[in-house]
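Q: Got a minute to go through this one with me? I'd like the overall fold before we get to any pockets.

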Amino acid sequence: MGTEHLPPGQRLTKGWPVSHYGPVPKFRPDRWNLQVFGATATGAKYSWTFEEVAALPGIAIVTDMHCASGPTSTDHEFFGVPASSLLELAPPAPQVTHVMAWAEYGYSANLRLGDFTSERTLLATHHNGEPLTVEHGFPLRLVVPHLYGYKGPKWLRAIEYMTQDRRGFWEERGFHNIGDPWTGQRHSYQ
């Protein structure tokens, strides 16, 4: 792949670099669940075990991963549950415009509802035919291929439906609220 196929300011890197803030969490299947809460259509909170999430119909996508610090790694195959499936299982209230993706240790990333429901946004369980490694987000990571990597948290634990936008972890620390690599939306001052 030549650099002409990369977003502006990105550079091609080999492999799949590990990048995260804080320690790698230990997976405890008996304590793990995925929740949907906030402005749900019914007002209810929803919860699934890892086995229940893994049993949902999945799809595979091939995508590049773009880090806001500049590296792009290419041709990743992810398999998992389409994020839009959560909206069928736990419908949002009509006024929902954004979601907050919550991960271990209180890490969060805000997304516009349309970015979350993109047909290529996944709750990924596998990478290149193998279960995710713990360093890359096992048991579940959000993959939002059209946005920078910080918008797709590893170790995903919950989706909060929101009726207005609120900044997530990196957004509160100066990263762009939307994070589109093709328009170079790296920092909040842009």
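A: Sure. This is a predicted model, and the protein has three helices and 11 strands.

Q: In what order do the elements run from the N terminus on?
A: They go β-β-β-α-β-β-α-β-β-α-β-β-β-β.

Q: And how compact is the protein?
A: As compact as a globular protein of that length, because the radius of gyration is 16 Å, close to the 16 Å that the globule rule gives for 190 residues. The C-alpha trace spans about 45 × 35 × 30 Å along its principal axes.

Q: What about contacts, how many join residues at least 24 apart?
A: Counting contacts between residues at least 6 apart in sequence, 66% join residues at least 24 apart.

Q: OK, surface and core. What share of the residues is buried?
A: Buried residues account for 48% of the 190. As for the surface, the protein exposes about 9200 Å², with carbon and sulfur atoms supplying 53% of that area.

Q: Switching to pockets. How much space lies in the second largest pocket?
A: About 160 Å³.

Q: Which residues line it?
A: The lining has P25, K26, F27, R28, R31 and W32, along with E104, Y105, F138, P139, W155 and R157.

Q: How does that lining divide into nonpolar, polar and charged?
A: Seven nonpolar, five charged and no polar residues. Among the lining residues are the aromatics F27, W32, Y105, F138 and W155, and K26, R28, R31, E104 and R157 are there too.

Methods: Residues are numbered from 1 along each chain as its sequence is written. This is a predicted model: local features need pLDDT of at least 70, side-chain atom pairs count only at pLDDT 80 or more; totals for chains, interfaces and linings use all residues. Side-chain values use heavy atoms; hydrogens and water are left out. On a 1 Å grid over the protein atoms alone, a cavity is a set of points where a 1.4 Å probe fits but cannot get out, and a pocket is an open set with protein on both sides within 12 Å along at least five of seven lines; lining residues have an atom within 4 Å of a point. Grid points are joined across faces, edges and corners, and a volume is the space filled by probe spheres set on the points. Ala, Val, Leu, Ile, Met, Phe, Trp, Tyr, Cys and Pro count as nonpolar, Asp, Glu, Lys and Arg as charged, and the others, Gly among them, as polar. Helices (H or I, at least four residues) and strands (E, at least two) are DSSP runs, numbered from the N terminus. The radius of gyration is taken over C-alpha atoms; the globule rule is 2.2 Å times the number of residues to the power 0.38. Buried means under 20% relative accessible area, exposed over 50%, partly exposed in between (1.4 Å probe, protein chains only). Contact means heavy atoms within 4.5 Å. Accessible areas come from the Shrake-Rupley method with a 1.4 Å probe; for residues, only the protein chains shown count as cover.
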